[in-house]
Amino acid sequence: METDKWGRRVRAFRKLKGFTQEGLARELGISVSVLGEVERGSRIPKEDFLVKVAGVLDISLQDLDPQGELEHSE
């Protein structure tokens, strides 16, 4: 799996939904630096993080994982 794929998709949907990094980080209960690491691809997010991101952004987990790389996709 490409290490920065998740970050690119999270960033794209964050921007599409009108969130700043600060706003999304606040909604997720994480620091801006952690979100920035995910978006830059220096931190690979766990599935529970991606589920939370999908919920906050009101998208499906499949939107973040179009190739079905997660083991337990909803």
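**Notebook: how the helices pack**

I began with helix 2 and helix 4 and found that their crossing is right-handed; by the rule I used, the near helix is then turned clockwise from the far one by less than a right angle, whereas anticlockwise would be left-handed. Helices here are DSSP runs of H or I with at least four residues, numbered from the N terminus.

A note on what I am reading: this is a predicted model, in which local features need pLDDT of at least 70 and side-chain atom pairs count only at pLDDT 80 or more, while totals for chains, interfaces and linings use all residues. Residues are numbered from 1 along each chain as its sequence is written, and side-chain values use heavy atoms, with hydrogens and water left out.

**Entry: helix 2 with helix 4**

I looked up the geometry: the axes of helix 2 (residues 21–28) and helix 4 (residues 47–57) come within 10 Å and cross at roughly 115°. Helix 2 is therefore roughly perpendicular to helix 4. The axes are lines fitted to C-alpha atoms over the stretch in contact, with angles from 0 to 180 degrees between N-to-C directions. Under 35 degrees counts as roughly parallel, over 145 as roughly antiparallel, 65 to 115 as roughly perpendicular, and the rest as oblique.

Next I listed who meets whom: Leu24, Glu27 and Leu28 of helix 2 face Phe49, Lys52, Val53, Val56 and Leu57 of helix 4, where contact means heavy atoms within 4.5 Å. Six of the residues in this contact are nonpolar, none polar and two charged. For the classes, Ala, Val, Leu, Ile, Met, Phe, Trp, Tyr, Cys and Pro are nonpolar, Asp, Glu, Lys and Arg are charged, and the others, Gly among them, are polar.

**Entry: helix 1**

I checked the length of helix 1 (residues 5–16): its twelve residues reach 17 Å from first C-alpha to last, close to the expected 16 Å, which is 1.5 Å times one less than the number of residues. Its buried residues are Lys5, Trp6, Gly7, Val10, Phe13 and Arg14, and they pack against helix 2, helix 3 (32–40), helix 4 and helix 5. Buried means under 20% relative accessible area, exposed over 50% and partly exposed in between (1.4 Å probe, protein chains only).

Lys5 made me look twice, but it counts as buried because its relative accessibility is 9%. Beyond residues up to four places away in sequence, Lys5 touches Leu64, Asp65 and Glu69.

I then turned to helix 1 against helix 4, which pack at about 15° with axes 11 Å apart. That makes the two helices roughly parallel. Their crossing is left-handed. On the helix 1 side the contact uses Trp6, Val10, Phe13 and Arg14, and on the helix 4 side Leu50, Val53 and Leu57. I sorted these by class as six nonpolar, no polar and one charged.

**Entry: turns and helix 5**

Just after helix 1, I found Gly18 with a positive phi of about 80°. Asp58, in the loop between helix 4 and helix 5, has a positive phi near 55° although it is not a glycine. Most residues other than glycine have a negative phi. At 64% relative accessibility, Asp58 counts as exposed.

Last, I visited Asp63 in helix 5 (residues 61–64). Its relative accessibility is 31%, so Asp63 counts as partly exposed. Setting aside residues up to four places away in sequence, Asp63 touches Arg9 and Phe13. The C-alpha atoms of Asp63 and Gly7 are 13 Å apart, with their positions 56 residues apart along the chain.
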